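Visitor: I would like a close look at a single part of this protein, the place where charged side chains pair up, and then a walk outward from there. Please take it slowly, as I am in my first year.

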Amino acid sequence: MRTIMKDFWEEQKVKKLNKKRIVIISLIILLIIFIITIAIIYSKNETFREWIDKNILRKEVNQENLVSIEIKENENPTVYAFNQYIGILNKNEFKIYNNTGKEEATLNLSITTPIISSNNRYIAIGEDNGQKLYLIVDKDIVWETEIEGNISNIVVNQNGYVAVSITNTINKTVVSVYDPQGNELFKTFYASNRVGDIAISNDNKYLAVAEIDTSGTIIKSNIQTISIEGASSNPESSAIKKYEGENNSLISNIEYQENNKLVCLYTNKIDVISEDGNVETLTDISDKKNTFSSVELSNNIVKVTEESSGLFTADSIVTMQNTESKKETTYKVESVTKEIYTSKNKIGLNLGTEIEFINTSGWLVKRYISNQEITKVTMTDSIAGIVFRDRIEIVNL
């Protein structure tokens, strides 16, 4: 009899456990279905997405409730965002602030009018049309040097290699390359053509130089790729390849992205040159409705096109294209874009008194709303500075 009763209670216990397990599994399934449903509605329904972004995800921020850095109105300092910091250069002092507005460091730089390039932890600062050049890592000066000639352009890659375009020498332009310790690796000379832009690959293997030939009646843009290792030992025979652009197609920007793809922004198109030398046109930007374009992103390009939405109104269609897969993603703004800012995987759209920060996947990251016209913005992938006459508003991305 005891054995029968024991078996009975054990059977009841198992049934109770099974019911509890079924309830838990059912709740989990319902939760998963709920999350998937919300995600689908969020991606498809613009009104619902707007409400979630504003009230749940808190993606909308106002001028009144942000941390700011005070600046003097009449001094007009140079403000530049790099890595996770905001840098302010004024009267030979470069003050570095973190994302809470706290001053982290002050560096003494003999620079008045700067040319600046940054990449990850590195920021290179040179005197525009001058000789001084500095490399800063995080909050410290790693090296400084004096250039023979006048600095016209600077670029630093993610590992701290620096290329400098120099004018007012015997040659029309000289490009000098430095390693992260400040050692000059080599110089390359351009006797007749002007250098429009320079770029260093992420793996430190290549230097790319965009040349502009204005000597004839037809403007020619050429791109030369140079082996940094080869040029360091024998600059005369280091050029790997030269790419000739189309007649009257002016190049304005070149940028190395992943897998040593060199992305080239012309006045009428965007090309990509693969490491094996294949040239492909990614998109045409010759249409007058195309208002802005940029190649300064990680593995993406972006262009903004105006699309009429009424008699006196227009929308902005932002198209991001992955340079590897060629996949396009679009983002629509019901306003005319006045300016764009780009960094790695983020894009800032200046709409006048608002800025929408989006990512290259086409999703809103942050919307900043001001009570006055926005005219100056500096940003990285993680921080943005909205610059006014008396302060800098900090937006964390």
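Guide: Let us begin with Glu-356 and Arg-367, which form a salt bridge in which the closest N and O atoms are 3.1 Å apart. Glu-356 belongs to strand S29 (residues 354–359) and Arg-367 to strand S30, so this pair ties together parts that are 11 residues apart in sequence. Both partners are hidden from the surface, for Glu-356 is buried and so is Arg-367. Please keep in mind that this is a predicted model, and that the mean pLDDT of the protein chain is 88, with 93% of its residues reaching 70 or more.

Arg-367 has a further partner, since Glu-60 also forms a salt bridge with Arg-367, and here the closest N and O atoms are 3.3 Å apart. Glu-60 lies in strand S1 (residues 60–62), while Arg-367 lies in strand S30 (residues 364–369), so this pair ties together parts that are 307 residues apart in sequence. Through shared partners, then, salt bridges join Glu-60, Glu-356 and Arg-367 into one network. The relative accessibility of Arg-367 is 7%, and Arg-367 therefore counts as buried because the cut-off is under 20%. Glu-60, with 21% relative accessibility, counts as partly exposed. As a general point, side chains of opposite charge can pair when their charged atoms come close.

Between the two strands we have just met, in the loop between S29 and S30, you will find Thr-360. Thr-360 counts as buried, at 11% relative accessibility. Apart from its neighbours within four places in sequence, Thr-360 is in contact with several residues, including Leu-297, Asn-300, Met-320 and Ile-347.

The model has 17 salt bridges by the rule used here, and another of them brings the side chains of Arg-121 and Asp-138 together at 3.1 Å, N to O. Arg-121 sits in the loop between strand S7 (114–119) and strand S8 (122–127), and Asp-138 in the loop between strand S9 (132–137) and strand S10 (140–146), so the pair ties together parts that are 17 residues apart in sequence. Arg-121 is partly exposed, its relative accessible area being 39%.

From charged pairs we can turn to nonpolar side chains. In soluble globular proteins, nonpolar side chains tend to be buried together. The largest nonpolar core in this model has 16 residues, and among those with the most contacts inside it are Leu-133, Ile-154, Val-162 and Tyr-178. The elements that give two or more residues to this core are S8, S9, strand S11 (150–156), strand S12 (162–167) and strand S13 (173–178). If you follow Ile-154, leaving aside its neighbours within four places in sequence, you will find Ile-154 in contact with residues including Ile-115, Ala-124, Leu-133 and Val-164. Apart from this core lies another, of 15 residues, among them Leu-207, Val-209, Ile-226 and Ile-228.

Nonpolar side chains also appear on the surface, where Val-23, Ile-25, Leu-27, Ile-29, Leu-30 and Ile-33 form a patch with about 560 Å² of accessible area together. Leu-27, one of these residues, is found in helix H1 (residues 2–44), and at 54% relative accessibility Leu-27 counts as exposed. This region should be read with care: confidence in the protein chain is lowest in H1, at a mean of 68, and highest in strand S28 (residues 346–350), at 97.

Conventions: Residues numbered from 1 in each chain as written. Predicted model: local features only at pLDDT ≥ 70, side-chain atom pairs only at ≥ 80, totals over all residues. Heavy atoms only, no water. Salt bridge = Lys/Arg side-chain N within 4 Å of Asp/Glu carboxyl O. Helix = DSSP H or I, 4+ residues; strand = E, 2+ residues; numbered from the N terminus. Buried < 20%, exposed > 50% of the residue type's maximum accessible area, 1.4 Å probe, protein only. Contact = heavy atoms within 4.5 Å. Patch = residues over 30% accessible without salt bridge, like charges linked within 9 Å, V, L, I, M, F, W, Y side chains within 5 Å. Areas by Shrake-Rupley, 256 points an atom, 1.4 Å probe, with all protein chains shown as cover. Core = buried A, V, L, I, M, F, W, Y, C linked by side-chain atoms within 4.5 Å. pLDDT = per-residue confidence, 0-100.
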